[in-house]
Amino acid sequence: QQRPILETLVKLTEHYLKVRTCCTDSTGDQSASHLSAQKNCVEALGGVLNSLSSHAWLGSFLPACEGVRLLIQATGTDYNERVARSAASSLGHMAASSAAWKQSLIAHGQFISILGQRILHQQKSEKDDIGHQRCFCWVATIIGGLPVVTEVMTSKISSPTLQQAAICALIDILEDNSECAMAINVDQVHQTMEALSMTMSQHRARAPVQYKAIHALGLLHNVSPPSHHLPAVVLEGVLGALKTHPTEYKVARAVCRALRLFLSPRVGADRESSHVAIRRAIEVLQGQRCGDVVGKLLGDWSQATDKELFIDAAFVLGLVHSPLIPLRQLEESKPEPEFYIVRAGLIKGLFELVQSFNDILQPPHLLCAITLLQRVLGEAAASAADSPSGVINESAADVIMAAQLLGGLLEALALWQGLGNVQTKLYI
């Protein structure tokens, strides 16, 4: 039943191979129309080859082998960057979806060499450079794994454009689970993290390098072994980015998200080894004044509209410094609509903290937290009742829901700690 389909695909492949002269005449007319024809031809050829790449017979099918050779040729430095980028991208997708084609490209030393030349080649436009180099780095990493992106970052560490392109390519791969399996060796995670930390240190003034590198560190942490301990230089670098860019929202968001990941119990790790890793991270962060830095962040961004920022900040502050810090921030916040988001975020962050570390709040502080929640919940409920339309504000509803969740958890802990049945009025 597949024979007619395969025959049709073969004819399509043969059809696109007939137009190979569009991408082999590197010394011909370089007009816009000619470059467009080259690019379209390469993309069409790559699309057909990718649609066939899962078939085992493709590797011995001569027109297909010729098509791959043409794509490799089109990545050469004699061709326009956009043409080369399209050709390289097609080959990268083939390598990501087929182990056989990946091995074939690894064995093709010329292609790896061409990619290296393309990665190091810079044009006048920084924006174009990042786009082109990101693609070539992505293809090289799909084929060669983490050591490739590590080598790119360390070989030309003085170039912020190349660093940003390499980091973006790494993020692209880490965020795509299907490609992670092809390109990521968890034993190489530590070395890649250190390379990212070096990049952050070298380009501390470049905010995009900082928040993209931090995002990559968080993704690497997610694929690292449960027993993996974060190098101190990584934690110092992440917090250092926030010290350098305290008013850059994307940096603040990335730092809080990454620290939250680093301090959360690892899935698959036994309880003791997980807590040992977290304690080590806490000690490093305490030595870097993490409580002061993240506490200032909460003050600077108190009227931000991103609840997740406050959730992560409350979790980090409560664990590294004391849960009394986010509780104090909650107490000092005003019962006004512009503070509903920060209130909901702080309460949700405390809920997730107490859920992960049941002994984080001791009896005196536990009772104080319950009393504070009663007050916040009452204020949110009163505000909702005063609504002219009779419709509860979404942010006020978030405060009410978060307070009820945390209140229920704290009541259960109070009973567990032998404080008796705490009467709280935490439900409306």
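How far apart are the end C-alpha atoms of helix α4 (residues 81-97), and what should its 17 residues span at 1.5 Å a residue? Select α4 in this predicted model and compare its two ends: the expected span is 24 Å and the end C-alpha atoms are 24 Å apart, which agrees.

**The whole chain**

Before going further into α4, display the chain as a cartoon, in which the secondary structure comes to 21 helices and 0 strands. Colouring by accessibility shows that 50% of the 428 residues count as buried, and a contact map shows that, among contacts between residues at least 6 apart in sequence, 74% join residues at least 24 apart.

**Helix α4 and His 132**

Return to α4 and show its side chains: 12 of the 17 residues are buried, so this helix is largely enclosed by the rest of the structure. Among the buried positions are Glu 81, Val 83, Ala 84, Ser 86, Ala 87 and Ala 88, and further along the helix they include Ser 90, Leu 91, Gly 92 and Met 94.

Next select His 132, which belongs to helix α7 (residues 126-144) and, because its relative accessibility is 7%, counts as buried. If residues up to four places away in sequence are set aside, His 132 touches Glu 81, Arg 82 and Arg 85; of these, Glu 81 is one of the buried residues of α4.

**Helices α5 and α6**

Now select residues 99-107 and residues 109-120, which are helices α5 and α6, with axes that come within 5 Å and cross at roughly 75°. Angles from 65 to 115 degrees count as roughly perpendicular, and α5 and α6 are therefore roughly perpendicular to each other. On the α5 side, show Leu 105, Ile 106 and Ala 107, and on the α6 side the residues they meet, Gly 109, Phe 111 and Ile 112. By class, this contact of α5 with α6 has 5 nonpolar residues, 1 polar residue and no charged ones.

**Leu 146 and helix α9**

Move on to Leu 146 in helix α8 (residues 146-155), which counts as buried because its relative accessibility is 0%. A distance drawn from the C-alpha atom of Leu 146 to that of Gln 191 reads 8.8 Å, although the two residues are 45 apart along the chain.

Then select helix α9 (residues 160-174), whose 15 residues reach 21 Å from first C-alpha to last, close to the 21 Å expected at 1.5 Å a residue. Helix α9 is mostly covered, with 14 of its 15 residues buried.

**Val 223**

Select Val 223 in helix α12 (residues 207-223), a residue that is partly exposed, with a relative accessible area of 26%. Leaving aside neighbours within four places in sequence, Val 223 is in contact with Leu 174, Ile 184, Val 186 and Val 189. For Leu 174, the C-alpha to C-alpha distance from Val 223 is 8.4 Å, while the separation in sequence is 49 residues.

**Helices α11 and α13**

The next pair to select is helix α11 (residues 189-202) and helix α13 (residues 232-244), whose axes come within 9 Å and cross at roughly 35°. Viewed together, α11 passes α13 in a left-handed crossing. Here Met 193, Ser 197 and Met 200 of α11 make the contact with Val 233, Val 234, Gly 237, Val 238 and Ala 241 of α13. The contact of α11 with α13 has 6 nonpolar, 2 polar and no charged residues.

**Helices α14 and α17**

Select residues 249-263 and residues 307-320 to bring up helices α14 and α17, whose axes come within 9 Å and cross at roughly 50°, which makes α14 oblique to α17. The crossing of α14 past α17 is left-handed. From α14 the contact residues include Tyr 249, Arg 253, Arg 257 and Arg 260, and from α17 they include Glu 308, Asp 312, Phe 315 and Leu 319. By class, the residues of this contact of α14 with α17 divide into 12 nonpolar, no polar and 5 charged.

**Arg 289**

For the last stop, centre on Arg 289, which sits in the loop between α15 (271-287) and α16 (290-300). Its backbone deserves a look, since Arg 289 has a positive phi of about 60° although it is not a glycine. With a relative accessibility of 48%, Arg 289 counts as partly exposed.

Conventions: Residues numbered from 1 in each chain as written. Predicted model: local features only at pLDDT ≥ 70, side-chain atom pairs only at ≥ 80, totals over all residues. Heavy atoms only, no water. Axes fitted to C-alpha atoms, helices over the stretch in contact; angles between N-to-C directions. Helix = DSSP H or I, 4+ residues; strand = E, 2+ residues; numbered from the N terminus. Parallel < 35°, antiparallel > 145°, perpendicular 65-115°, else oblique. Contact = heavy atoms within 4.5 Å. Nonpolar A, V, L, I, M, F, W, Y, C, P; charged D, E, K, R; others polar. Left-handed = near helix turned anticlockwise from the far one by under 90°. Expected span 1.5 Å × (residues − 1). Buried < 20%, exposed > 50% of the residue type's maximum accessible area, 1.4 Å probe, protein only.
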